[in-house]
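I have a structure open and a notebook next to it. Here is what I looked up, entry by entry.

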Amino acid sequence: MPEATTSIDYVMEKASGPHFSGLRIDGPTSSPPASSATAPSVADVNAPKQPFVIGVSGGTASGKTTVCDMIIQQLHDHRVVLVNQDSFYRGLTPEESERVHEYNFDHPDAFDTEQLLDCIKTLKSGQPYQVPIYDFKKHRRCSDSFRLVNASDVIILEGILVFHDQRVRSLMNMKIFVDTDADVRLARRIRRDTVERGRDLDSVLEQYAKFVKPAFDDFVLPSKKYADVIIPRGGDNHVAIDLIVQHIHTKLGQHDLCKIYPNVYVIQSTFQIRGMHTLIRDRGISKHDFVFYSDRLIRLVVEHGLGHLPFTEKQVVTPTGVLGIMNSEALVHFCYSMH
Ligand SMILES: Nc1ncnc2c1ncn2[C@@H]1O[C@H](COP(=O)(O)OP(=O)(O)O)[C@@H](O)[C@H]1O
Ligand SMILES: Nc1ccn([C@@H]2O[C@H](COP(=O)(O)O)[C@@H](O)[C@H]2O)c(=O)n1
C-alpha cells in the first residue's frame with residue numbers, strides 16, 4: 001500500500017467494516033463470513049425490494065390529496081399507488097344512516113383500521129389488493145365494485161388519521177404532515193363539500209363545529225408529532241415537495257437496469273466503495289494512487305461476479321499445512337471450484 005494513502009485507507013477500513021462479499025480487501029480472512037449479520041449476502045442485496053411506504057396526514061382539506069398527486073407526478077419513473085384512508089370508512093348501520101348528522105366521521109372508530117392494515121401489509125408483500133370504493137354522498141361503500149391496486153415501488157397512504165394507529169405507522173418508511181391554516185381548510189372544505197360531496201352550507205358548518213374541529217384537536221393534531229416532514233401550505237410548497245421527491249428517489253435507488261435485465265446485480269454501495277470512487281475522481285490524485293484504488297474497485301467487481309458463478313464447496317490445505325489462513329484472493333480461488 002502506498003505510504004501517502006495509509007491514513008485514508010485506515011479510516012475507510014475502520015469505518016466500512018467487512019466488504020460486501022465478506023472478504024476484507026487485502027486483509028486477513030479473520031473477518032466474518034458472508035452470512036454474518038453485518039454483511040448482506042448476494043441474495044439479500046438482489047432480493048426484490050419492499051415497497052417504500054409513505055404516510056400523508058393532515059387536517060381535512062389541508063391539501064393531502066394535492067400533495068400526493070404532485071409527488072406521484074414527479075415519481076413518474078416509478079410505479080406508485082395511492083391508497084386513501086377514506087376508502088376504509090365503515091358502513092353505517094340503518095340506525096346510524098337515519099341519523100347521519102349525529103355520526104362522527106372524524107373519530108378513529110369511523111374507520112375499519114384492521115382492513116386498512118390488511119391492505120397495506122398485502123401490498124407490501126407484493127400482492128394486489130381490492131380497495132373498497134367509498135361514496136361520500138351516500139355515506140357508504142359501493143358494495144359491488146372495488147379498485148384493484150397492484151403491487152408497486154411506492155405506496156402512498158393518505159388520510160386524516162393515518163398516523164393515529166401505531167400498527168399503521170409502523171408500516172411507513174416516511175411520514176409527511178400537511179400543515180395548512182384552519183381558516184383556509186374550512187374555506188376549501190365548504191367549497192368542496194357543497195360542489196363535490198352533495199352537502200349544503202349549513203350542514204358543512206354544523207358538522208365542522210360539532211365533529212371536524214374537535215376531532216382535529218383531539219386526534220389529528222396530536223399525531224403531527226410522528227411526522228418526519230411537515231409541509232406548511234401543502235401543494236403551494238414546491239420546495240418541500242421537490243426535497244421529498246429527491247429523498248424518495250435516493251431511497252429507491254437508481255437501479256432501473258435491474259428491472260429491465262433480471263440478471264443484472266448491483267454491488268451494494270458502502271462507505272469504502274464510495275470513498276474509493278471519490279479518490280479516483282479527485283483531479284489531484286497521484287497516478288500511483290489512481291492505479292491502486294482503481295485496481296481495488298475492479299477487483300471488487302471481479303470477486304462479486306465470481307460469487308455469482310455456480311460452485312461446490314471444497315476443503316483445502318494450504319502449502320504450510322494450516323487450514324483457513326489465506327488471503328482474500330486465495331480464498332476466492334481455492335474455495336470455489338468452478339463448473
Ligand atoms: N394549494 C391550493 N390552492 C388552492 N386550492 C387548493 C390547494 N390545495 C388544495 N386545494 C383544493 O382544496 C380542496 C381540498 O384539497 P385536497 O388536496 O383534496 O385536500 P385533502 O386531501 O387534505 O382533503 C380541493 O378542492 C382542492 O382543489
Ligand atoms: N361520509 C363521510 C365521510 C367522511 N366525511 C368527512 O371527510 C373528511 C376526511 O376527508 P378529507 O378528504 O377531507 O381528508 C373528514 O373530516 C370527515 O368529516 C364526511 O363528511 N362524510
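**Entry: strand S1 and its partners.** I began with Gly58 and looked for its bridge partner in S6, which turned out to be Val178. This is a predicted model, so I am reading a prediction here. S1 and strand S6 (residues 174-179) run parallel and are joined by 5 bridges. I then checked strand S5 (residues 154-158), and 5 bridges join that strand to S1, also in parallel. One position I looked up there was Val53, which stands opposite Ile155 in S5.

**Entry: is S1 covered or open?** I went through strand S1 (residues 52-58) and found 7 of its 7 residues buried. On one side I noted Phe52, Ile54, Val56 and Gly58, and on the other Val53, Gly55 and Ser57, so to speak a list for each face, and both faces are covered. I jotted down a reminder for reading such lists: in a regular strand, side chains alternate between the two faces of the sheet.

**Entry: the whole sheet.** Next I wanted the strand order. The sheet is open, has 5 strands and reads S2-S5-S1-S6-S7, with parallel pairing. Which strands stand at the edges? They are strand S2 (80-84) and strand S7 (229-232); each has a single partner strand, so one side of each lacks a neighbour in the sheet. On average, neighbouring strands are turned by 20° against each other, if direction is ignored. At the S2 edge I looked at the pairing with S5, which is parallel and has 5 bridges. Val80 is opposite Val154 of S5 in that pairing.

**Entry: helices across the sheet.** I picked two helices to follow. H3 lies across S1, S2, S5, S6 and S7, and runs at about 170° to S5. Helix H5 (residues 113-124) lies across S1, S2 and S5, and its angle to S5 is also about 170°.

**Entry: Ile72.** I stayed with H3, where Ile72 has its place. Is Ile72 buried or partly exposed? I found 16 other C-beta atoms within 10 Å, and 20 would be needed for buried, so Ile72 counts as partly exposed. Setting aside residues up to four places away in sequence, Ile72 touches Val80 and Leu82. I also looked up Val245: 173 residues separate it from Ile72 in sequence, but the C-alpha to C-alpha distance is 8.9 Å.

**Entry: the core.** The largest nonpolar core has 42 residues, and those touching the most other members are Ile54, Ile120, Val154, Ile155 and Ile156. Helix H8 (residues 201-220) gives the most to this core, with 5 residues. A general note to myself: in soluble globular proteins, nonpolar side chains tend to be buried together. I took Ile54 and listed its contacts beyond four places in sequence: Val154, Ile156, Met172, Asn173, Met174 and Ile176.

**Entry: ligand 1.** I counted 13 residues around ligand 1, and the closest are Gly63, Lys64, Thr65, Thr66 and Arg188. Two elements give two or more residues to this shell, helix H3 (64-74) and helix H7 (182-195). H3 has the largest share, 3 residues. Sorted by class, the shell holds 1 nonpolar, 8 polar and 4 charged residues.

**Entry: ligand 2.** The residues around ligand 2 include Thr60, Ala61, Lys64, Asp86, Tyr89 and Phe105. Its shell has 6 nonpolar, 2 polar and 3 charged residues. Lys64 caught my eye, being among the closest residues to ligand 1 and also around ligand 2.

**Entry: two odd phi angles.** Ala61 is not a glycine, yet has a positive phi of about 55°. I found Ala61 in the loop between S1 and H3. Ala61 counts as buried because 24 C-beta neighbours lie inside 10 Å. Arg233, not a glycine either, has a positive phi of about 70°. Arg233 is in the loop between S7 and helix H9 (238-252). With 15 other C-beta atoms within 10 Å, Arg233 is partly exposed.

**Entry: chain totals.** Last, I looked up the overall numbers. The chain has 13 helices and 9 strands. Of its 339 residues, 24% are buried. For contacts between residues at least 6 apart in sequence, 71% join residues at least 24 apart.

Conventions. Residues numbered from 1 in each chain as written. Chains lettered and ligands numbered in written order. Predicted model: local features only at pLDDT ≥ 70, side-chain atom pairs only at ≥ 80, totals over all residues. Near = placed C-beta within 6 Å. Helix = DSSP H or I, 4+ residues; strand = E, 2+ residues; numbered from the N terminus. Nonpolar A, V, L, I, M, F, W, Y, C, P; charged D, E, K, R; others polar. Core = buried A, V, L, I, M, F, W, Y, C linked by C-beta atoms within 7 Å. Buried ≥ 20, exposed ≤ 12 C-beta atoms within 10 Å, placed from the backbone. Contact = placed C-beta atoms within 7 Å. Pairing = 2+ DSSP bridges. Axes fitted to C-alpha atoms, helices over the stretch in contact; angles between N-to-C directions.
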